[in-house]
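Welcome to this guided tour. Open your viewer, get ready to select and colour, and take each stop in turn.

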Amino acid sequence: TFTTSFSTCGSTTITARARDKDLGISAPATSDAVSVYSVDYLSPLTPGAYNLVQKGRVVPVKVSIGCGGFVSGLSPKIQLLSGDIDPDTGQGDDSAVVTTTSVSGADTTGIMREADGHYIYNLLVPNGTAGTKYTIRVNLGGGAGGAYVVLQIRK
């Protein structure tokens, strides 16, 4: 298992070799084309800041996904994590996962829906105490990685 990241979005292929315990190296294996997109949070949430929210209220989580234009037909995953999770270390396990609840009948639990040139999820903010932080992670695959934004329960 390995993780990689890309500095730009677009279509690319990945070539890799495997090394066994005896230091033998495999022939290179090349993937089919991989599409890499950027995920950008839209108002009312701002990345890189503590977004103050009221517990028990609804926050519309909106993202634009694309590479020089909006990409439709995706099913971005949304997770709510307990704490201010560092996107560089990511929390690859599920130890910090909090139930992601939507108040919209149009939403599927944990999956954002397409609407008006963006993706949206009507997130119900958990009933945490004042100052409690939650990280929202949106990605197109599984595990760590993706785009992060932090919520903080206000007084």
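## A walk through the strands

Begin with the whole molecule and show its surface: the protein exposes about 9100 Å², and carbon and sulfur atoms supply 48% of that area. Keep in mind that you are looking at a predicted model.

**Stop 1: the whole chain.** Switch to a cartoon view. You will find 13 strands and 0 helices, so read here as β after β from the N terminus on. Of the 155 residues in the protein, 31% are buried. Among contacts between residues at least 6 apart in sequence, 57% join residues at least 24 apart.**Stop 2: confidence.** Colour the protein by pLDDT. The mean is 84, and 82% of the residues reach 70 or more. Where is confidence lowest, and where is it highest? Strand β1 (residues 10–12) has the lowest mean, 69, while β6 has the highest, 96.

**Stop 3: an open sheet.** Select β6, β13, β12, β8 and β9. These 5 strands form an open sheet in the order β6-β13-β12-β8-β9, with mixed pairing. Look at the edges, where β6 (50–53) and β9 (97–98) each have a single partner strand, so one side of each is left without a neighbour in the sheet. As a general point, strands of a sheet pair through backbone hydrogen bonds, either parallel or antiparallel.

Now go through some of the pairs:

- β6 runs parallel to β13 (residues 147–153), and 4 bridges join them. Select L52 and you will find its bridge partner in β13, Q152.
- β8 (residues 77–82) pairs with β12 (residues 133–139) in the antiparallel sense, over 6 bridges. Here I78 has V138 in β12 as its bridge partner.
- β8 also runs antiparallel to β9, with 2 bridges between them. Select L81 to see V97 of β9 standing opposite.

**Stop 4: T135.** Stay in the sheet and select T135, which is found in strand β12. Is this residue buried or exposed? T135 is buried, with a relative accessible area of 0%. Show its side chain: a polar atom there lies 2.9 Å from the backbone nitrogen of I85. Beyond residues up to four places away in sequence, T135 touches several others, including L80, L81, D84, Y148 and V150.

**Stop 5: the largest nonpolar core.** In soluble globular proteins, nonpolar side chains tend to be buried together. How many residues does the largest nonpolar core have here? It has 22, and those with the most contacts inside it are Y41, L45, V61, V63, M112, I136 and V138. Colour the strands β5 (38–41), β7 (58–66), β8, β11 (118–124), β12 and β13, since each supplies at least two residues of this core. Then centre the view on I136: not counting residues up to four places away in sequence, I136 touches Y41, L45, V61, I78 and L123, among others.

**Stop 6: N122.** Finish by selecting N122 in strand β11. N122 is buried, with a relative accessible area of 15%, which is under the 20% cut-off. Next, add S104 to your selection: S104 and N122 are 18 residues apart in sequence, and their C-alpha atoms are 6.2 Å apart in space. What else is in contact with N122, leaving aside its neighbours within four places in sequence? Besides S104, the contacts are V58, V59, P60, T101, S102, V103, D107 and R113.

Key:
Residues numbered from 1 in each chain as written. Predicted model: local features only at pLDDT ≥ 70, side-chain atom pairs only at ≥ 80, totals over all residues. Heavy atoms only, no water. Buried < 20%, exposed > 50% of the residue type's maximum accessible area, 1.4 Å probe, protein only. Contact = heavy atoms within 4.5 Å. Areas by Shrake-Rupley, 256 points an atom, 1.4 Å probe, with all protein chains shown as cover. Pairing = 2+ DSSP bridges. Polar contact = N/O pair within 3.5 Å; in protein donor to acceptor, adjacent residues only side chain to side chain. pLDDT = per-residue confidence, 0-100. Core = buried A, V, L, I, M, F, W, Y, C linked by side-chain atoms within 4.5 Å.
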